[in-house]
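Here are some notes for a colleague at the bench, set out as numbered points. They go from single helices to domains and then to the contact of the chains.

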Amino acid sequence: MKKLRTGMALAATATFALSLAACSSGGSTDDASGGASGDGEAMGNSLTVWAWDPAFNIYALQEAEKVYQADHPDFTLDIQEVTWEDLQTKLTTLAQSQEFGELPDIFLMQNNAFQKNVINYPDLFTDITDSGVAFDEFPEGVTAYSTVDGMNYGVPFDAGTAINAMRTDILEEAGLTLDDFTDITWDEYIALGEQVLEKTGKPMLSGIAGEPDTILMMLQSAGQSLFDDQGNPTITDNAALAASIDLYSEMVEKGIYLEVNSWDEYIASIVNGNVASTINGVWISGSIQTAEDQSGLWGVTDLPAVDGIDGATHYSANGGSSWAVSSNADVALAEDFLSATFAGSTELYDTILPGAGAVANWLPAGDSEVYSEPQEFFGGQAIYADVLSFAAGVPANNTGAYYYEARDAVGAAITQIMGGADPATALGEAQSTVEFAMN
Amino acid sequence: MTPVVVPDRTPKKKSKGPKIKPSPAARRRSLTGWAFLLPAAVLIGIMMFWPMFQALILSFKTGRGSALDFADPLWFNYERMLSDEIFKMTVGTTLLYLAIQVPLMLVTALVLANILNNPRLKFKGFWRTAIFLPAAISLVSYSLVFRTIFATDGLVNDWLLALHLIDGPVNWLGNTDTARMVIILGLLWRWTGYNMIFYLAGLQNIDPTTLEAAKMDGAGPIRTFFSVTVPQLKPMILLTVIMSTNGTLQLFDESFNLTRGGPANTTMTMSHYLYEVSFVNNPNFGYGAALSYVILVMVAILAAIQMKVGDKRD
């Protein structure tokens, strides 16, 4: 009997030891991958940051680290590359499991996802309204992305101002110039596009099938959104959206717009010279410039305006991101770092603008002479000064918490419309999908 | 599957008399058995059943993000599903995969296993390895490879164009039917070898004398296969059918990586939708948990039907 009891006790102990070990080992691997600075460090001189693009925002962080090190020689930045999809999943998982200790000090967030995350998981963020960051030195439309109930949760990083980047050599082949595409409407654009296609065999634009980026840029340029001011979806009875979809399908049907299946194919279509131009956020200039053999062959102009819509402009935006301070941060250091760099250093923006095409939202940086320097890659055009002038005219966009649902629903509707479905029916379905998601 | 437990009562008593106390020795044996079971049982309890129970509770809650409250009525999430057009579509898509892919795959696996079991076949080891190898490849990497192969400018289009079978590149992943076909093709490639191994193992256990006897009685190879081999493989077939059904209903990687659920959500599986609801869209974990329970019930019902139909033991 005694033996048996010992055996049982042993077995039971082993069980609990094992389960504990399982828990703790799970925890420690997370620690290793998260690499966050714990609360234990009282006065730190290092910050952990999550960002996703080595050629763009990670490069900007490295430059910011150098700028900050000038005054704080001991300071180091631990930059971790986390793709945006993974970053969002990590945030959701950590918030849901209340494991805030795994958060980095600072993370980058897509502007379009900012509202959603702050509203759903306020525990992830630190309110930085009174941090000393001069939020009035950013355009209001940009800080609005990261402002919830009057409180600021993010320092804007890059602008998503849309540009129409065109291959001037291809246009020339078709007997056209950049000026022919400046301040025009989409109807005129399509007519010119047919001319280009006929003369050169190249479509004007490319984009990912089922992703409504182009249409949403058209929509925003016309001063409309997928939501009204009260946050209700406005996918049906939206004249600007209907007009944008009509224009889009016309371009695809006429062969002016090349639909591809992935981001890689999209970038390849640009840098391989399969298309004559692209319309996207100014951050796309970073990818365009990877095609070094095309230096001097590119030019930038504004977007065509949507025909027949009141308040249609030539300016829009796509993407853009902001820095958020996490709830697990060395708050004082993180705030000081951000206000001394991304919200206070012309030197930083002067470096990262030509280096990565990172157009600042921070208004004082716009006064810098770097912006008016001619860009060799773009045929000597001072494109960044142009972009700044575009930025001033971008109509505001209501994103709200359900932006991605609406975006996906519109994307699905467009796929159906391109497949021959009735636009009104498809958009009605999209509207009810979003309403269902919000229910 | 059932754990081997030392019987606690050695004499089989059918009489309804008062319970006979087991002898101390028998009791001790029984307790020892339970002691050995305990570690695994407790671990499974903590790691599997407790989270499953929590998920059940979660499925009765609504709210976004971490602010969750019990729903009113309690079954709100389950009721909500009935008006969820996207979920209904994913159920249809998943069942379509199931109906086409599982029978096709298992028949192919059975035929391949039978061919490879032929004692006169040369390079047997090579063939076995070659057919089983896909099962050793990560789901994500093979999905991405398939995605690349079937891209508009991918290998398949290049070959078909070179052979003049098509006039222009086919947008495989951009059309619902072809995209679904690519997913099924991927599943076949990835899982046929895996199931074949089960059948090969089953074939080793078939007494060769039964096959010889069939031959002596004048049965041809096809007749032998259907009347002698297949009946003896029945338990193995049942096992693979249940496993494949279960796996297909929970299909995620191919939908997520190969087609991203597109075009217009028409290739999305139930599990992929559940992920979208929880992680991609506004996080709605209560609804996600409810969806996972519906998948569980579907798997359980299908498995029960198959066991009822497939198991002819009395």
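1. Please keep in mind throughout that this is a predicted model. In chain B, helix α7 covers residues 176–204, which is 29 residues, and from its first C-alpha to its last it reaches 42 Å, close to the 42 Å expected at 1.5 Å a residue. The same helix, α7(B), nevertheless has a bend of about 35°, and that bend is placed at Trp191(B).

2. In chain A, the stretch 186–200 of helix α7 may be considered together with the stretch 239–254 of helix α9, since the axes of these two come within 11 Å and cross at roughly 5°. Angles under 35 degrees count as roughly parallel, and α7(A) is therefore roughly parallel to α9(A). On the α7(A) side, the contact is made by Trp186(A), Ile190(A), Gly193(A) and Glu194(A), while α9(A) brings Leu247(A), Glu250(A), Met251(A) and Lys254(A). Sorted by class, the residues of this contact between α7(A) and α9(A) are four nonpolar, one polar and three charged. As general background to the spacing of such positions, an α-helix has 3.6 residues a turn, so residues three or four places apart point the same way.

3. The domain assignment of chain A gives two discontinuous entries, with domain 1 written as 46–160 + 319–367 and domain 2 as 165–318 + 395–438. Taken over C-alpha atoms, the centres of domain 1 and domain 2 of chain A are separated by 28 Å. Their contact takes 18 residues from domain 1 of chain A and 14 residues from domain 2 of chain A.

4. Which helix gives the largest share of the side of domain 1 of chain A that touches domain 2 of chain A? That share, five residues, comes from helix α4 of chain A, residues 111–120. By class, this side of domain 1 of chain A has nine nonpolar, seven polar and two charged residues.

5. Turning to the two chains, their contact takes 31 residues from chain B and 32 residues from chain A. On the side of chain B that touches chain A, at least two residues each are supplied by α1 (24–58), α3 (85–116) and α11 (270–280) of chain B, and the largest share, 10 residues, comes from α1(B). By class, that side of chain B has 17 nonpolar, 10 polar and four charged residues.

Technical notes. Residues numbered from 1 in each chain as written. Chains lettered and ligands numbered in written order. Predicted model: local features only at pLDDT ≥ 70, side-chain atom pairs only at ≥ 80, totals over all residues. Helix = DSSP H or I, 4+ residues; strand = E, 2+ residues; numbered from the N terminus. Expected span 1.5 Å × (residues − 1). Bend = angle between axes of the 7 residues up to and from the residue. Axes fitted to C-alpha atoms, helices over the stretch in contact; angles between N-to-C directions. Parallel < 35°, antiparallel > 145°, perpendicular 65-115°, else oblique. Contact = placed C-beta atoms within 7 Å. Nonpolar A, V, L, I, M, F, W, Y, C, P; charged D, E, K, R; others polar. Domains from an automatic or database assignment.
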